[in-house]
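Hi there,

Here is the structure I promised to pass on. Please have a look at it first, and then read my notes underneath.

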Amino acid sequence: MMHKKINLAEDLLAWEHERFSMRRIAAGTLSHLNTHQNMFRTSILDDRSRVSSEKLARNVKIIAEGLARHLFDLTSDDATLSTQEVFIDALGVNQESIRSWVDYLSSEPRAAQLMTKDTPVLHTLEQTLGRYLKDVKMVSIKADKREPEYVFYDGLKFSMYAYNVKPAVFDLFLAAAIAGYLGIIYLSVQHFGILRDLAKKTMANNKVKAF
């Protein structure tokens with residue numbers, strides 16, 4: 001068992017149970033990883049081939065036995081009572097059921113942006129839990145305001161906009177044309193006298209030709 005202090009200054013919490021611990025709710029995370037910074041914890045390569053149904057059934061039984069002994073106070077000094085298993089025979093862990101659930105969950109998309117209210121995975125879990133538990137309800141929750149600004153997109157259809165813009169060469173030619181136009185105006189203002197004399201000579205020559 002490892003104890004870790006919660007750093008409230010961090011944007012992300014290290015383990016899942018820390019959100020409950022911040023609200024003074026007893027919680028813990030069971031993991032085979034020594035640290036939350038292990039790359040396998042954030043890997044997308046967690047496909048079906050990496051999950052062992054036998055090991056998963058063993059871990060489920062260990063956790064169930066531990067919780068049952070704690071809840072029903074079966075941790076006494078009596079050797080017979082302390083070694084007696086609770087989940088055996090009809091209450092034992094069914095490996096075939098666990099294997100079928102792993103196959104089903106690994107074949108369905110479970111990304112947050114794809115999980116809607118009508119997702120078959122959620123309805124299947126709700127119906128299955130309703131067989132063994134009472135008052136099972138599906139509740140929609142929103143992200144905590146103290147969490148980083150995550151945006152979850154629901155639905156499978158999204159609109160994408162594309163704009164056709166002029167290339168950079170067009171801006172270069174446009175800038176050159178504007179600079180040339182301003183240059184001509186500047187030279188015309190600076191040498192206005194020359195242009196005036198040239199215009200007078202042109203008009204005089206036109207009058208001589210007319211006569």
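A definition to begin with: helix axes are lines fitted to C-alpha atoms over the stretch in contact, and angles run from 0 to 180 degrees between N-to-C directions. Helices (H or I, at least four residues) and strands (E, at least two) are DSSP runs, numbered from the N terminus. Please keep in mind that this is a predicted model, in which local features need pLDDT of at least 70 and side-chain atom pairs count only at pLDDT 80 or more, while totals for chains, interfaces and linings use all residues. Residues are numbered from 1 along each chain as its sequence is written, and side-chain values use heavy atoms, with hydrogens and water left out.

**Overall picture**

The protein chain has seven helices and zero strands. Of its 211 residues, 8% are buried (buried means under 20% relative accessible area, exposed over 50%, and partly exposed in between, with a 1.4 Å probe and protein chains only). Among contacts (heavy atoms within 4.5 Å) with a separation of 6 or more, 43% join residues 24 or more positions apart.

**Helix 2**

Helix 2 covers residues 53-71, and its end C-alpha atoms are 27 Å apart, in agreement with the 27 Å expected for 19 residues at 1.5 Å a residue (the expected span is 1.5 Å times one less than the number of residues). The buried residues in helix 2 are Ser53, Ala57, Glu65, Ala68 and Arg69. They sit on the same side of helix 2, because they cover an arc of only 135° around the axis (the arc is that of the directions from the helix axis to the C-beta atoms). On the face turned away from that buried side are the exposed residues Lys55, Ile62, Leu67, His70 and Leu71. After helix 2 comes aspartate 73, with a positive phi near 55°.

Serine 53 deserves a look of its own. Its relative accessible area is 4%, so serine 53 is buried. Beyond its neighbours within four places in sequence, serine 53 contacts Arg48, Ile98 and Arg99.

**How the helices pack**

Helix 2 and helix 4 pack with their axes 9 Å apart, at an angle of about 115°. Their crossing is right-handed (the near helix is turned clockwise from the far one by less than a right angle; anticlockwise would be left-handed). Helix 2 brings Ser53, Glu54, Leu56, Ala57 and Val60 to this contact, and helix 4 brings Gln95, Ile98, Arg99 and Val102.

Helix 4 (residues 95-107) also meets helix 5 (residues 120-132): their axes come within 11 Å and cross at roughly 155°. The two are therefore roughly antiparallel (angles over 145 degrees count as such, under 35 as roughly parallel, 65 to 115 as roughly perpendicular and the rest as oblique). Trp101, Tyr104 and Leu105 of helix 4 make the contact with Pro120, Val121, Thr124, Leu125 and Thr128 of helix 5.

**Two loop residues**

Histidine 36 is in the loop between helix 1 (18-21) and helix 2, and is partly exposed at 22% relative accessibility. Histidine 36 and alanine 14 are 22 residues apart in sequence, with their C-alpha atoms 5.8 Å apart.

Methionine 138 is in the loop between helix 5 and helix 6 (168-190), and is partly exposed at 36%. Not counting residues up to four places away in sequence, methionine 138 touches Lys117, Leu122, His123 and Glu126.

Best wishes
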